[in-house]
Amino acid sequence: MDTQLKTLYIVVPCYNEEEALPETNDVLLRLLDRLQSCGKISDSSKICYVDDGSKDNTWNLISEYCCSRKNVSGIKLSRNRGHQNAVMAGLMTVRTCCDMAVSIDADLQDDPNVIEQFVDHYLNGCEVVYGVRNDRNSDTSFKRSTAQLYYRFLELLGVEIIYNHADFRLLGKRALDALAEYGESNLFLRGIVPQLGFKSAAVEYARSSRNAGQSKYTLAKMLSLASEGVTSFSVKPLRMVSAFSVLLFTVCVLCWIVNLISGVSFSEAMILSVWSACSLILLAISIIGEYIGRTYIEVKRRPRYFIDEYINQ
């Protein structure tokens, strides 16, 4: 083996993916074999599946793959901890074993063939390589429009984020070590990674349909992730509440003046003002409460996950 070749680990978070895993495993193994045969990565490179507390046959399949191929490894979390924690568990586990790691979802909607371009950028000195979607036609119109709106909203709030990038990326050894320094419980990796610095590049690809099974990202989970992105990286919503309060006070004063001039009773004007004020107060409490809740979770410093079992590490 050429000792100069770099070791690549492909981290694949899995939650109830027994239908998708057979094809995913075949595709990724062929990719590893191709990259090894053309001399771009070492033969110690591996696929690392992270079972995020699956309730189906996912872990049994991962165990079979690990037994049949030495370049497949598995991590089983003690319970379901969510996609971001599963990705982090995989990256933090493999960072001592590899020179670079790629995270990709098990459904292969993100094109695994561009991983070769990721590796090329890494070999040319990039520590971070982002997979950026240039075609989301496989998504529903609702998901596509809301995703685009969300990225624009984060940019408006001053959050540094890569447009149309999810969690398909390559991180080099230095970037992985830097990521390990982030200890927050409320993980939003697509907001954290751009903060690492280091030389970076982006590779565009067309997003495909799932290879099998159903999406595990429900609307509730997407809204939760969206909330993480806003509250973890921007305080502008709190400042907006202050601005709204000043605006509402001004509007209320104007309403009083207009209503008094037009002959409307003082009680009617007060009712309008009270309803407006109550609406703003409820909005302010909900926004502030969200920040307080995130802070409450952070200060407890609870572990993000526990690993129940390793195979082929």
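The following questions and answers examine how terms are applied to this predicted model.

Q: What makes up the chain in terms of helices and strands, and how much of the chain is buried?
A: The chain holds ten helices and eight strands. Buried residues account for 46% of its 313 residues.

Q: Why is Leu247 called partly exposed?
A: The relative accessible area of Leu247 is 49%. Partly exposed covers the range between under 20%, which is buried, and over 50%, which is exposed. Leu247 therefore counts as partly exposed.

Q: What makes Leu247 eligible for a nonpolar patch, and which residues form the patch?
A: A patch residue needs over 30% relative accessible area, and Leu247 has 49%. The nonpolar patch on the surface consists of Met240, Phe244, Leu247, Val251 and Leu283, with about 410 Å² of accessible area together. Helix H9 (residues 236-261) gives the most to this patch, with four residues, and Leu247 lies in that helix.

Q: How do you know that helix H3 has a span close to the expected one?
A: Helix H3 (residues 83-94) has twelve residues and reaches 17 Å from its first C-alpha to its last. The expected value at 1.5 Å a residue is 16 Å, and the two are close.

Q: What makes H3 a mostly covered helix?
A: Twelve of the twelve residues of H3 are buried. Among them are His83, Val87, Leu91 and Val94.

Q: Why is the pair of Tyr49 and Tyr65 called tilted?
A: The count of aromatic pairs in the model is three. In the pair of Tyr49 and Tyr65, the ring centres are 6.3 Å apart and the planes stand at 50 degrees. Centres must lie within 6.5 Å for a pair, and planes under 30 degrees apart are stacked while those over 60 are edge-to-face, so an angle outside both ranges is tilted. The pair links distant parts of the chain, with Tyr49 in strand E2 (residues 46-51) and Tyr65 in helix H2 (residues 58-68), 16 residues apart. Tyr49 and Tyr65 are both buried.

Q: What makes the pair of Phe168 and Tyr205 edge-to-face?
A: The planes of Phe168 and Tyr205 stand at 85 degrees, with 5.4 Å centre to centre. An angle over 60 degrees counts as edge-to-face, so the label applies. Phe168 lies in strand E6 (residues 165-172) and Tyr205 in strand E7 (residues 200-206), so the pair ties together parts that are 37 residues apart in sequence. Phe168 and Tyr205 are both buried, and with Phe118 they form one aromatic cluster.

Q: How do you know that Arg169 and Asp167 form a salt bridge?
A: The closest N and O atoms of Arg169 and Asp167 are 2.9 Å apart. A salt bridge requires such atoms within 4 Å, so the pair qualifies. Asp167 also meets Arg190 in a salt bridge, at 3.5 Å from N to O. Asp167 lies in strand E6 and Arg190 in helix H7 (residues 189-192), so this pair ties together parts that are 23 residues apart in sequence. Both Asp167 and Arg190 are buried.

Q: Why are Lys173 and Asp177 separated by about one helical turn?
A: Lys173 and Asp177 are four residues apart in helix H6 (residues 173-179), which means that about one helical turn separates them. An α-helix has 3.6 residues a turn. The side chains of Lys173 and Asp177 meet in a salt bridge at 3.8 Å, N to O. Lys173 is partly exposed at 30%, and Asp177 is partly exposed at 27%.

Notes. Residues numbered from 1 in each chain as written. Predicted model: local features only at pLDDT ≥ 70, side-chain atom pairs only at ≥ 80, totals over all residues. Heavy atoms only, no water. Expected span 1.5 Å × (residues − 1). Buried < 20%, exposed > 50% of the residue type's maximum accessible area, 1.4 Å probe, protein only. Patch = residues over 30% accessible without salt bridge, like charges linked within 9 Å, V, L, I, M, F, W, Y side chains within 5 Å. Areas by Shrake-Rupley, 256 points an atom, 1.4 Å probe, with all protein chains shown as cover. Phe/Tyr/Trp six-rings, centres within 6.5 Å; stacked < 30°, edge-to-face > 60°.
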